[in-house]
Every structure is written in structure tokens, then in C-alpha cells.
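Grab a pencil and work through the exercises below with the structure open beside you. Each one sets a task and then walks through the solution.

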Amino acid sequence: MLDSWGGVTIAYRKRLVDSPSYRLNHEEVEKALEEGISFSECLSPVAVEVDEYGHASTLRLAKQILGEDGKWTAGGKVALPARSIFMAAGTQPNTILAREDPEGFHLDGRYFQAIDENGAPVTPEKSAAKPSAARVLMSKTANGRFMSFFGDLHPSYFGNVVKAMGSAKQGYPVVSRVLEAIEPAAGDSREAFIAALNRELRPTVERVERLTPTIIEVVLRAPQAAAKFQPGQFYRLQNYETRALTADGTTLAMEGVALTGAWVDRQAGLISVIVLEMGGSSSLCRFLKPGEPVVLMGPTGMPTEIPSDETVLLAGGGLGNAVLFSIGQAMRAAGSRVLYFAGYKAMQDRYKIEEIERAADTIVWCSDEGPGFETTRPQDRSFVGNIVEAMRAYASGELGEQAIAFTDVDRIVAIGSDRMMAAVALARHDVLEPFLKEHHFAIGSINSPMQCMMKEICAQCLQPHIDPKTGERSYVFSCFNQDQPLDEVDWAGLSARLRQNSVQEKLKAQWIARCIGKIESGEALRPAG
């Protein structure tokens with residue numbers, strides 16, 4: 001779909017009758033025509049041309065003609081001016097759970113296997129917006145707990161938002177019945193059971209602490225989310241709109257912010273997330289109050305692989321160091337030796353020193369500005385310069401005796417800005433190559449723009465890869481597995497993805513900064529309760 005220079009919206013597709021909206025809900029097509037949307041059929045996109053600013057200017061399409069033999073043939077080219085291009089990728093049921101836990105979740109074709117309230121397999125009515133029976137259960141554990149599924153995951157309700165909403169309306173009585181059937185533990189009442197669910201599943205703010213002028217730590221009480229965390233995973237944090245501050249007529253409701261778990265205290269049910277205030281929603285985290293309920297999704301993403309009996313080099317840039325707290329500690333606990341390069345732009349940017357020391361056998365503290373950090377352990381080193389320069393200086397012996405030999409490194413894990421990780425990726429084949437094992441393994445935590453963070457759903461986090469041997473291009477969902485081989489990441493593509501919303505982000509940051517000024521002057525309002 002594209003918005004032409006004349007302001008006309010055109011939807012193009014192979015044939016209108018191939019459109020899911022036509023086959024599943026023709027009213028959508030009717031309403032689109034009423035709103036002035038034109039449909040141009042039998043066109044297939046070939047290329048997007050950009051102007052001198054790198055913005056879309058023209059969409060080139062190939063015309064297709066259906067012959068009498070039923071085969072499609074080329075029918076020339078079409079060029080349409082376009083400054084906004086939206087691609088409809090279609091809907092597919094997301095069955096990642098069956099790949100991650102094949103014993104607990106089973107498939108019935110493209111969808112999850114539905115079961116009845118006794119746990120027996122059943123077959124839901126397909127493509128039925130109002131099936132005679134809402135078969136919304138898909139898994140039952142040994143202790144009688146069920147997992148349910150709705151919307152596009154379900155063969156009855158997939159296809160559009162209205163049917164997804166209908167699935168919840170029809171399915172909630174089933175969920176209520178199975179909850180009613182759960183027998184509380186001995187000595188517990190049903191009220192105590194519900195209260196326990198609230199304690200485990202309703203996250204609240206424990207405290208907010210400033211670590212540096214631009215970095216804060218938010219500690220959350222969320223027992224279930226803390227219990228399931230593994231190093232490298234992340235969460236999605238939001239405040240509630242009804243509890244958000246209001247300034248200048250703006251309700252300061254946060255968008256979902258992806259934040260990696262720095263540490264968890266499973267016994268106390270606490271999670272720490274580190275926030276870099278970059279304007280926008282991240283700058284609103286400091287106004288969260290102890291006891292305030294929040295929305296916390298996760299943990300999500302793939303846990304970082306924790307090797308045993310290896311020599312691992314961790315490279316953390318700025319906020320990336322928060323991600324490496326738990327990773328480094330887990331690697332040491334597994335029997336690996338950890339050589340840690342902790343990089344910062346300014347001296348004031350360093351935080352959580354003791355946590356980093358617990359995550360590493362040897363640390364090289366790097367700062368872009370002098371005079372450099374003082375070390376507190378005899379095996380650690382300090383360096384003024386960027387992280388690649390520090391690696392070269394350490395590897396070449398310029399920083400003195402190596403407590404862990406650079407030439408022993410089996411694995412590199414780099415987490416930081418895209419520029420920092422790209423520099424490490426390049427240096428491995430350049431200035432660092434003489435000091436590294438030929439067959440070492442190197443990954444980076446590639447956090448491209450994210451929206452839903454629900455693993456292969458919205459494609460906002462889609463990240464291109466380029467095979468270093470064949471040049472073949474492929475795509476991965478970063479929110480499914482953020483740890484990606486450094487040699488395969490398309491760094492130019494990642495940089496462009498991170499800049500794609502820069503204008504909106506700058507405008508939003510300016511407005512929120514203005515609203516924050518109102519808050520700090522006492523002019524903002526906080527809803528009661």
C-alpha cells in the first residue's frame with residue numbers, strides 16, 4: 001500500500017480475490033472504497049527508489065497478466081510516485097511455543113492443538129467467527145493448569161481484529177470455568193488463591209535510583225517474571241495511562257520500552273532494569289513511584305548461551321554493561337574464565353562497579369576521556385581510549401602482564417551501540433586478528449527497533465543478515481534471538497533501521513522534555529489513587 005504524492009492511497013496486490021480481507025471479511029474492502037482507497041490489481045513490487053535524502057520517492061512494480069492457460073506472464077513495468085510505503089505481510093499463527101517446548105505444546109497443522117476441559121484433543125471449527133463451541137484451551141499440565149489461545153493463533157478466529165476481540169468474548173467463560181475447577185492447596189481458600197495470583201503476576205515498582213546523570217535503575221517487584229529470568233533476556237515496561245502524570249494536556253503514558261534484566265533476586269521476587277534517559281518514554285521512568293503498578297511483559301527473547309570451561313571476552317559499551325552483569329556471573333559460575341572490557345564515553349558514566357567485578361576475572365576499564373579509571377583489583381587494568389584500542393593495547397602487552405591471555409579467547413560477546421559492535425566485528429579481522437584464535441566465536445546483542453517484543457509477530461525488529469561467504473541476504477527477528485553472529489550482521493542496515501524514526505523521536509523527545517519541565521515546576525497533575 002502506498003500514499004502517492006497526490007495524497008491518493010492505493011492498495012496493490014496480485015488479485016483482489018487473493019486478499020485475506022476480501023475472503024474473510026469483505027466489509028473491510030467495502031469500507032476502504034468508501035474512504036477513497038483505490039485498488040490496483042496484478043502488480044508486484046520490484047524496487048523502491050529513494051531521493052537525495054534517502055527517503056522513498058517512487059515504487060516500481062511489474063505488471064502481471066493472467067493468460068488463457070491460467071499462467072501469469074510479465075506485462076511490462078509500472079512506476080508510481082510514493083513517499084510513504086506500507087507493506088502488509090499477512091497473518092500467520094505464531095507457534096514459537098511449540099518450537100521452544102515441543103513436549104508441552106502440540107500442533108494441529110498450522111495451529112496449536114486444541115483440547116477440551118478434560119484435556120482431550122478436539123478440532124475447532126475453522127474460519128468461524130462464531131463457532132458453536134469456543135475451543136480455546138491448548139495445553140494442560142499435570143497439576144491441572146491450562147494454557148489458552150485466542151485471535152490469530154486460533155483456527156476459528158484468525159484474520160482480523162474484530163474476530164480476535166470476539167474470541168476473547170466467547171472464550172473467557174471457558175477460562176473462568178477451568179479456574180473455578182482448580183482446587184486450592186490444602187488450607188487455602190479460593191480468595192487466598194486469587195490473592196496469590198495477584199502477588200505473583202501484578203508487578204509494582206519497588207524503587208527508582210539514579211546511577212549517573214543519564215542512567216537510572218528501576219527495581220520492580222514481579223515474582224513470576226523474576227523466577228523465569230535467564231541471563232540475556234529482556235522485559236517490556238510501561239506505566240498505566242490511568243496513573244500517568246498529565247502535563248499541558250498531555251497524558252504521559254509510556255510506550256513499551258525494551259529493557260534488559262540487570263539482576264534478579266528470585267527469593268525476594270525483584271528485577272532490576274537499567275534505563276538510559278534518551279528522551280521520550282525512557283525519560284519518564286524516573287517518575288515511577290514505589291508501589292505503583294506497572295505493565296511488565298517477559299522475560300522474553302532468547303537467553304544468552306552460557307558456555308562452560310571456555311575463555312570468554314565480554315565487551316560492554318555504556319548501557320550494554322548492564323546487560324553483561326548476569327551474563328558474566330553465569331559464565332563464571334559455569335566454569336569459564338571472563339576477560340571483560342568495560343567501555344564508557346565519560347568518567348561519570350560508570351556504575352555498578354561491584355557487579356561488574358563479580359562478572360569478570362579480569363577487567364580493562366576504558367574511558368574516552370582522561371585521566372582514566374582507577375582500578376581496585378591487582379589483575380585489572382585502565383585505559384584511556386575506545387574499546388577496540390583497549391583490546392589492541394591489552395593484546396599487544398602494552399598494559400602489562402595479562403592475567404588472562406588474549407590469545408586464549410574462545411568466544412566474544414559484544415553488547416553496546418551499533419557503532420561499537422560494528423567496530424569490534426571489523427577489528428577481529430584487522431588490528432586484533434594477530435592476537436585471536438582463528439576459529440573463535442563472536443556474537444553481538446542486536447537490539448534493532450522493537451514494538452511488540454512477542455517473538456516474530458510485528459516484524460518491527462526485522463534485521464538483515466549477509467552471509468560473509470556467499471553474500472546471500474536473509475532476515476531474522478531480533479526480539480526472538482538478539483544474540484547474532486557479528487560477521488553476519490548487516491551493520492549499515494541496522495544503522496538505517498535505528499534511524500528510521502529519528503524525526504518523530506526528536507519531536508517526541510522535545511515535547512516530553514517540555515512536559516517534564518512542567519512536572520519539575522509542580523504544574524503537572526497525577527491522577528488520584
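For what follows, a residue counts as exposed when its relative accessible area is over 50%, buried when that area is under 20%, and partly exposed in between. Keep in mind that this is a predicted model.

**Exercise 1. Helix α12, inside and out**

Check the span of helix α12, then work out which residues sit on its buried side and which sit on the face turned away from that side.

Step 1. Start with the span: α12 covers residues 502–520, which makes 19 residues, and at 1.5 Å a residue it should span 27 Å. The end C-alpha atoms are 26 Å apart, so the model agrees with the expectation.

Step 2. Now pick out the buried residues of α12: A509, I512, C515, I516 and I519. Because they cover an arc of only 130° around the axis, they end up on the same side of α12.

Step 3. Flip to the face turned away from the buried side, and you find the exposed residues V503, K506, L507 and Q510.

Step 4. What do the buried residues of α12 pack against? Their partners are β17 (246–247) and β18 (250–251).

Step 5. Finish just past the helix, where G522 takes a positive phi of about 85°.

**Exercise 2. A salt bridge at the end of α12**

Find the salt-bridge partner of E520 and say which parts of the chain the pair ties together.

Step 1. E520 forms a salt bridge with R286, and their closest N and O atoms are 2.9 Å apart. E520 belongs to helix α12, while R286 sits in the loop between β20 (270–276) and β21 (295–300), so the pair ties together parts that are 234 residues apart in sequence.

Step 2. Look at accessibility next. E520 is exposed, at 55% relative accessible area, whereas R286 is partly exposed, at 28%.

Step 3. Then widen the view: R210, E277, R286 and E520 are linked in a network of salt bridges. The structure as a whole holds 24 salt bridges.

**Exercise 3. A salt bridge within one helix**

Explain how E34 and K31 are placed along their helix, and compare how accessible they are.

Step 1. The side chains of E34 and K31 meet in a salt bridge, 3.6 Å from N to O.

Step 2. Both residues are in helix α2 (residues 26–34), and because they are 3 residues apart, about one helical turn separates them.

Step 3. E34 has a relative accessible area of 54%, so we call E34 exposed. K31 comes in at 46%, which means partly exposed.

**Exercise 4. A nonpolar patch on the surface**

Name the residues of the nonpolar surface patch and the helix that supplies its largest share.

Step 1. L179, I194, L197 and L201 make up the patch, which has an area of about 330 Å².

Step 2. Helix α5 (residues 190–201) gives the largest share, with 3 residues.

Step 3. L179 lies in helix α4 (residues 161–181). With a relative accessible area of 37%, L179 is partly exposed.

**Exercise 5. A lysine to classify**

Is K352 buried or exposed? Decide, and then list its contacts beyond the nearby sequence.

Step 1. Locate K352 in the loop between β23 (337–344) and α8 (353–358).

Step 2. Its relative accessible area is 18%, so K352 is buried.

Step 3. Set aside neighbours within four places in sequence, and K352 is in contact with L211, E217, W263 and F325.

How values were computed: Residues numbered from 1 in each chain as written. Predicted model: local features only at pLDDT ≥ 70, side-chain atom pairs only at ≥ 80, totals over all residues. Heavy atoms only, no water. Helix = DSSP H or I, 4+ residues; strand = E, 2+ residues; numbered from the N terminus. Expected span 1.5 Å × (residues − 1). Buried < 20%, exposed > 50% of the residue type's maximum accessible area, 1.4 Å probe, protein only. Arc of directions from axis to C-beta. Contact = heavy atoms within 4.5 Å. Patch = residues over 30% accessible without salt bridge, like charges linked within 9 Å, V, L, I, M, F, W, Y side chains within 5 Å. Areas by Shrake-Rupley, 256 points an atom, 1.4 Å probe, with all protein chains shown as cover. Salt bridge = Lys/Arg side-chain N within 4 Å of Asp/Glu carboxyl O.
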